[in-house]
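Hi there,

Here is the structure I promised to pass on to you. Please open it first, and then read my notes alongside.

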Amino acid sequence: MNLDFFFYPESVAVFGSFKRGAIAYEILRNIIEGGFEGRIIPVNPKGGTVEIGGKTFEIREKLDEPVNTAIIAVPAKIVPALIDEIGPLIKGAVVISAGFSEVGNEELERELVEKAGKHGVRLIGPNCAGIFGVHGKFFGSFEVRVKPGGLALISQSGAFGGAALAMGNDEGIGFSAFVSYGNAADLNESDFLEYFADDENTKAIALYIEGVKDGRRFLKALRYASSKKPVIVLKAGKSASGAKAAVSHTGSLAGSYEIYRAAFKQAGAIEVEEMEELFDAAKAFEMYPKAGKRVAVITNSGGPGVLATDKLERLDLEIAKLEEKTVEELRSFLPPQCSVKNPIDLIADADYERYKRTIEITCRDENVDALLIICVPPIFIPSEEVAKAVIDADCNKPVIVNFMAGELVREGVKLLDEHGIKNFPTPERAARALKWLSMR
């Protein structure tokens, strides 16, 4: 299914109130300030003008020319009639308006779907927060804008989606797209999974769901998407109380969690337990498509190295047994107080050269599939020095880094990020990243 008219539109109409602070105004502002290069048409029966970003736009009293997509933020009761009116001029509609099946108004939602179907218009929503097509510079939502990257975020909840976008910015994650689909009256999670599976700008897909209406179709779409790229799933409504809350939130049946868990496993999707894990998995897959299970840990601090080792083993990963020639090569230049077993402890005064050579030697070991590099810098060795060693090291295997903590490693983490290397702030989170990579 081709949904490019939503995520790479050439023209958009926004319907609603354009008073400062109104939802339609904020969406229009996001579209304009986000640098959208296509036609933008604000529509309200009262007409007038709206000024945003130093530009003045005429507000049309009605839509009188074709556009790819309409974004609708008007009272729920008039949405079906509006879709009937503009149906011949649009390909898709994003219905932000709430007040449909999520509050028991099923008949109004049925009417909305019927009017859209009559004109061949595809719907996102209602009761949603909108969409982003980041590589098309299209920010058709009131949520915070994000930088371009490879993660497509599909969220049944608009508020979760907004929080996730903001957290993603803090975590340095780049996005290809965002869609909040609300009540899923027409297009749903299965449609978006299939679309993003084939989208060349999307490297991984993150999915937040409370429940699905067509389990068979969902499993088929999830299996298809997972065969093409990593799909990270965060399922809400696992408990009995959570499932009831999901029904009132999006009008969706959460169903038995055990059935969902089995479906995720069968399809090859990667299920995470919380938002932090979702972003850690996304960061890992933005860097690497997969990794083997045999891990070498390189650290300048014994404690975090032990924590990483414990976590790796609990996650059923292997602490790689280094080849004898690797051990001998490491012993030839490392100070005698360093441990050359795995984990390799370079001790506190490890500098650029010690890290770089150790990474390169360990990387050549045929028993090693991936490396976990830990740095807790003493005050006399800047974290940037160790970061540069990681960047400069000649290694063709996945390298996951854990620089900690806070102000002490800020500059080093920034330098790593500039070179496309994401930091995991604790040894345990770094270990989990390797676990998710190994699942591919």
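A residue counts as buried when its relative accessible area is under 20%. By that cut-off Asn402 is buried, because its relative accessibility is 0%. I'll come back to Asn402 further down, once you have your bearings.

**The model as a whole**

Please keep in mind that this is a predicted model. The average pLDDT of the protein is 93, and 96% of the residues reach at least 70. There is one stretch to treat with care: across residues 248–254 the pLDDT falls below 50, although the model gives this stretch 29 contacts beyond near neighbours in sequence. Where pLDDT is low, the predicted coordinates should not be read in detail.

The protein has 440 residues, of which 58% count as buried. You will find 16 helices and 19 strands in it. Along the principal axes, the C-alpha atoms fill a box of roughly 80 × 50 × 35 Å. Among contacts with a separation of 6 or more, 73% are between residues 24 or more positions apart.

**The cysteines**

How many disulfides does the structure hold? The count is 1, and it joins Cys363 to Cys395, with an S to S distance of 2.2 Å. Cys363 belongs to helix α13 (residues 352–363), while Cys395 sits in the loop between α14 (383–392) and β19 (399–403), so the bond ties together parts that are 32 residues apart in sequence. The torsion about this S-S bond is about 85°, so the disulfide is right-handed. Cys363 is buried, at a relative accessible area of 4%.

Why does Cys375 not bond with Cys338? The sulfur of Cys338 is the closest cysteine sulfur to that of Cys375, but it is 14 Å away, which is too far for a bond. Cys375 is buried as well, with 0% relative accessibility. Another buried cysteine is Cys128, whose relative accessible area is 5%.

**Around α14 and β19**

Two residues are worth a visit while you are in this part of the chain. Ala389 is in helix α14 and is buried, with a relative accessible area of 0%. Leaving out residues up to four places away in sequence, Ala389 touches Tyr352, Tyr355, Lys356 and Ile359. Its C-alpha atom is 8.6 Å from that of Arg354, which is 35 residues away along the chain.

Now back to Asn402, which lies in strand β19. Apart from neighbours within four places in sequence, Asn402 is in contact with Leu372, Ile373, Ile374 and Cys375, and also with Asn423, Phe424, Pro425, Thr426, Pro427 and Ala430.

**A pair of packed helices**

Helix α11 (residues 302–314) packs against helix α16 (residues 427–438) at an angle of about 35°, and their axes are 8 Å apart. Their crossing is right-handed. From α11, the contact uses Pro304, Leu307, Ala308, Lys311 and Leu312; from α16, it uses Pro427, Glu428, Ala431, Arg432 and Leu434. Pro427 is also one of the residues that Asn402 contacts.

**Helix α6**

Is helix α6 mostly covered or mostly uncovered? Mostly covered: 9 of its 9 residues, running from 189 to 197, are buried. They include Phe192, Leu193 and Tyr195, as well as Glu189, Asp191 and Glu194. Asn188 caps the N-terminal end of this helix, with a side-chain oxygen 2.9 Å from the backbone nitrogen of Ser190.

Glu189 is part of α6 and has a relative accessible area of 3%. Setting aside neighbours within four places in sequence, Glu189 is in contact with Tyr181, Leu207, Ile209, Gly211, Val212 and Phe218. For a sense of scale, the C-alpha atoms of Glu189 and Leu415 are 37 Å apart, with these positions 226 residues apart along the chain.

**The loop before α5**

The last stop is Ser157, in the loop between β10 (148–155) and α5 (158–171). Ser157 is buried, with a relative accessible area of 5%. A polar atom of its side chain lies 3.0 Å from the backbone nitrogen of Phe160, and the backbone nitrogen of Ala159 lies 3.4 Å from a polar atom of that side chain.

Enjoy looking around, and write back with any questions.

Best wishes

Definitions and conventions. Residues numbered from 1 in each chain as written. Heavy atoms only, no water. pLDDT = per-residue confidence, 0-100. Contact = heavy atoms within 4.5 Å. Buried < 20%, exposed > 50% of the residue type's maximum accessible area, 1.4 Å probe, protein only. Helix = DSSP H or I, 4+ residues; strand = E, 2+ residues; numbered from the N terminus. Polar contact = N/O pair within 3.5 Å; in protein donor to acceptor, adjacent residues only side chain to side chain. Disulfide = S-S within 2.5 Å. Axes fitted to C-alpha atoms, helices over the stretch in contact; angles between N-to-C directions. Left-handed = near helix turned anticlockwise from the far one by under 90°.
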